[in-house]
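Visitor: Hi, I'd like to chat through a model with you. Could you bring it up?

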Amino acid sequence: ERRGVRLIVVRASDVPTYVGNGAAELGVAGGDVLAEHGGSGLYQPVDLGIARCRMMVATRRGYDYEAAVQQGARLRVATKYLQTTRQFFAAKGVHVDLIRLYGSMELAPIMGLADAIVDLVSTGKTLKANQLVAVEEIMPVSARLIVNQAALKTRRAQLQPLIEAFAKAARP
């Protein structure tokens, strides 16, 4: 069966679900979204090298994050990245109470809602403007090509040229 290429535009956080469940064969998703999704059923053949930033822990300027972590304090952390944040702090043996926010993350420490935030940081200007400082990196983030694993097995001849084209375009 010969099928043409169809392009669909969906919310970034939904891309791994569409690709992982076979509704789409290829997609582009950020490493942050993939980490939060878990990546099951997905092959990530190409780091596209675009939309680079870092997922960071940030606190109010003057908050002694290292002391709080060393003393085993229970941190209140605001983020939209609940799974990634939970796993990161669990691996460090730090107890956290997670507060789900979808935007204006920087307000949480200022308003006393949270001790720290976990969010994407590109230049750091937003943190600085809100008297926050990045205290720890969780992961570097960039956009990635993702492929449905089953589709790759059954339609490799059709998909491989597309994967190679993305890989070639991603090389500097």
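Visitor: Which residues make the nonpolar surface patch of about 310 Å²?
Guide: Leu107, Ile110 and Met111 make that patch. Patch members have over 30% relative accessible area and no salt bridge (a side-chain nitrogen of Lys or Arg within 4 Å of a carboxyl oxygen of Asp or Glu), and nonpolar side chains are joined within 5 Å. Areas come from the Shrake-Rupley method with a 1.4 Å probe.

Visitor: What can I trust here?
Guide: This is a predicted model, where local features need pLDDT of at least 70 and side-chain atom pairs count only at 80 or more, while totals for chains, interfaces and linings use all residues. Residues are numbered from 1 along each chain as its sequence is written, and side-chain values use heavy atoms, without hydrogens and water.

Visitor: Where does Leu107 lie?
Guide: In helix α5, residues 107-110; helices are DSSP runs of H or I, at least four residues, and strands are E runs of at least two, numbered from the N terminus. Leu107 counts as partly exposed because its relative accessibility is 43%, between the limits for buried (under 20%) and exposed (over 50%).

Visitor: New topic: is Met55 buried or exposed?
Guide: Met55 is buried, with a relative accessible area of 0%. Strand β3, residues 53-60, holds Met55.

Visitor: Which residues is Met55 in contact with, beyond four places in sequence?
Guide: Among them are Asp32, Tyr81, Thr84, Leu120 and Met139, contact being heavy atoms within 4.5 Å. Thr84 is 29 residues from Met55 in sequence, and their C-alpha atoms are 9.7 Å apart.

Methods: Patch = residues over 30% accessible without salt bridge, like charges linked within 9 Å, V, L, I, M, F, W, Y side chains within 5 Å. Buried < 20%, exposed > 50% of the residue type's maximum accessible area, 1.4 Å probe, protein only.
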